[in-house]
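Me: I would like to learn how to read contacts, cores and paired strands in a structure like this one. Could you take me through them slowly?

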Amino acid sequence: MQKVAPVPEEFALKQTAPKIAGSGVITGGDKVISAYDLVEQMEYYYVRIVKAKDLPGKDVSGTCDPYVEVKLGNYKGVTKHFEKKSNPEWNLVFAFAQEQLQASHIEVVVKDKDVVRDDFIGRLSFELVECPRRVPPDSPLAPQWYKLEDKKGEKLKKGELMLAVWRGTQADEAFSDAWHSDAAAVGSEAVSKIRGKVYLSPKLWYLRVNVIQCQDLVPSDKTRAPEVCVKVIHGGQARKTKTSATKTVHPSWNEDLLFVVAEPFEEPLILTVEDRIAPNKDEVLGRCVMLLSSIPRRLDNKPVPAKWHNLEKHLLVEGEKKEAKFSSKIHLRISLDGGYHVLDESTYYSSDYRPSSRLLWKSSIGLLELGIISATGLSLMKTKDGRGTTDAYCIAKYGPKWVRTRTIIDTGSPKWNEQYTWEVFDPCTVITIGVFDNGHLQGGKDSSIGKVRIRLSTLETERVYTHSYPLIVLKTSGVKKTGEIQLAVRFSCTSYLNMLHKYTHPLLPKMHYVHPLSVAELDVLRHHAIQIVSTRLGRSEPPVKKEVVEYMLDVGSHIWSVRKAKANFVRIMTVMNGVVAVARWFDQICRWKNPLTTILIHILFVILVIYPELIFPTLFLYLFMIGVWNYRWKPKHPAHMDVRVSHADAVSADELDEEFDSFPTSKATDIVRMRYDRLRSIGGRIQTVIGDLAMQGERVHAVLSWRDPRASVLFTAFCLVAAVVLYITPFQMALLLLGFYVLRHPKLRSKTPHVSTNFFKRLPARSDLML
């Protein structure tokens, strides 16, 4: 088994025992009333202020500028005020946590806004013990009209307030949009900036533009051979073909240009045919504008029909646009390729591999439930009133669904107790949870506090994992723990056989293997995909800021770093330790270090030479026994960010300075900068290759290590079956069939990877643990 040096206690994972129904700590009646069984139940008193009517006014017209105060002890929530309106409507919910109670009654006061001093209009009071309890899925409590009372408790002649008061938990529908007492410093106008929300990433497609040729171009200078290229623009993306090899007015290219586009398709596709008439001067020979809604969608590698399009060239005559009588043509083949998965995450820890077209989606194989319980010891991220403070919230991303918890104001130990659910289509995926400081309230950026990655395939089905994960970040001063986040995770499957069958499927959709994209293309397209996702989520309310999206999607993770290169080298050496150990053991056998063991090896060697048909059954039986033996030491906890694997605890100041340096560098002269950037670019590729090699070796170790229990079950079962089959089948026949299979005709080969390759690529590696 692969052994790793122990992680310092400060950065270790800790098992917790929260009072949640899903873990079995809470039993009986409490579990029934807990709609969210992966978080601790929190009791709230809710007050819904709907509207008022016939409010008396102090001015001559009899109107007022009303607003409502809801008080519970020292906590006070305030609605916005309306000017000159006696029948206002607020429809706002206030939520007061039961653990923060400082009074036995709720007081609702209606006031008239004034420049000097707000005037009292009327009040209502409700005893907490008399508040009805509501448990979803009960229908919401109907609000009622209440006559306002004066300060002495007598009913007013005019003035009524419609409201509802009840007791419930965070499972209540009103919870997410309510003003909370733990955000008492935030006014009603800023409540929207701290609410929890669910977001969906835009549906992304690859747009393929195949530029074939042009006909009948009309350059202004007909005495020279034109140097023509086609420029294609969509939004902020621009691509150019190479200059046509045939320098005529009928140039040809047959070149593919790829773009990332998102539904709904808001921006047109613009094609421009340009002639290079000088080193820095191009002449436009024609333009073509198309709407993406009219472009065909393809699900496989069959090309769509090519079409001729008119190139429009507008000439300015006396300030007006006038179309030329003659129209040049351009031959294009354009399609929205729905058979690809548009990568916006790193392929090492992606949360989704489904193709763009919904028609190609398979049914879900399970459900992922995440309970974000609390955090402790969070770093102070900003200064307020001369002291450090943190306004923390969490973002969890899995597939196209992003969730955001509410912001807990001014505390380093927030309690969220919010639960979310995702459909799972592939067990070999990763969910990412990040913790951030809300900068909305002060108009600044949202600072990252740390994040956690959990690979679903390393979780046992139907088991509730409750752990406190360390939040670890790497800064110019070194590795630092910024707090801990307590999570509860449960992965459940609808069909165990369907989930095991997934291990034999290709990881990515078929189009990635039939018509593969280059690594350089994927890097560029991923950059544009992240920009699109960032822009769309930034238009939500509250927005998910650009820095949050980039942190969650690991922008810049492939840039060269000495630390990462060293970490990947150590990973390779750790993988090779097993091979070295076998070589040393064999050397000891040859040197008779242990005579009894050497004699037994001699006997085994003689048996296998005399009976060669026992070689493969013995090998698979040995692997089967190792798999069963290692079951005793299978990991009991999910993996987490590891400072030792990341080589973050032994990095030097100079290496950190290089890692946090800008790209391109700003440390030296132009020549040094050019050489330095070139070195980093080459080093980044080497680093990626080393990481890939390390990943393959780690996957070999993962086969029998039970890090992925389902994969280990499949492989150990295969070893047992293979041992039996190869025992029954004559060795020569098995070897003959294997040779024929390896040398089979190309027509008998599938374009997708082999089952064994698919199984191997789905095995977990330690990439998830890299910072």
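Reply: Let us begin with the word contact, which here means heavy atoms within 4.5 Å. Please keep in mind throughout that this is a predicted model.

Me: With that in hand, which residues is Trp-422 in contact with, leaving aside its neighbours within four places in sequence?

Reply: Trp-422 is in contact with Gly-366, Leu-367, Leu-368 and Leu-370, with Ala-396, Tyr-398, Lys-401 and Val-403, and also with Ile-431.

Me: How should I read a nonpolar core, and how many residues does the largest one have?

Reply: A nonpolar core is a set of buried residues of certain kinds, joined through side-chain atoms within 4.5 Å. The largest one here has 34 residues, and those with the most contacts inside it are Trp-422, Leu-370, Ile-431, Ile-454 and Ile-485. Several strands each supply at least two residues of this core, among them strand 23 (366-376), strand 28 (415-424) and strand 29 (430-437), while the largest share, 5 residues, comes from strand 32. There is also a second, separate core of 29 residues, which includes Leu-92, Phe-96, Val-110 and Leu-124.

Me: Turning to paired strands, which strands does strand 13 pair with?

Reply: Two strands count as paired if at least two bridges are found between them. Strand 13 pairs with strand 16 (residues 269-278) in the antiparallel sense over 6 bridges, and there Val-232 has Leu-271 as its bridge partner. Strand 13 is also joined to strand 14 (residues 237-240) by 4 bridges, again antiparallel, with Lys-231 standing opposite Lys-240.

Me: What lies between strand 13 and strand 14 in their hairpin?

Reply: The hairpin has 2 residues between the strands, and Gly-235 takes a positive phi near 60° in it.

Methods. Residues are numbered from 1 along each chain as its sequence is written. This is a predicted model: local features need pLDDT of at least 70, side-chain atom pairs count only at pLDDT 80 or more; totals for chains, interfaces and linings use all residues. Side-chain values use heavy atoms; hydrogens and water are left out. Buried means under 20% relative accessible area, exposed over 50%, partly exposed in between (1.4 Å probe, protein chains only).
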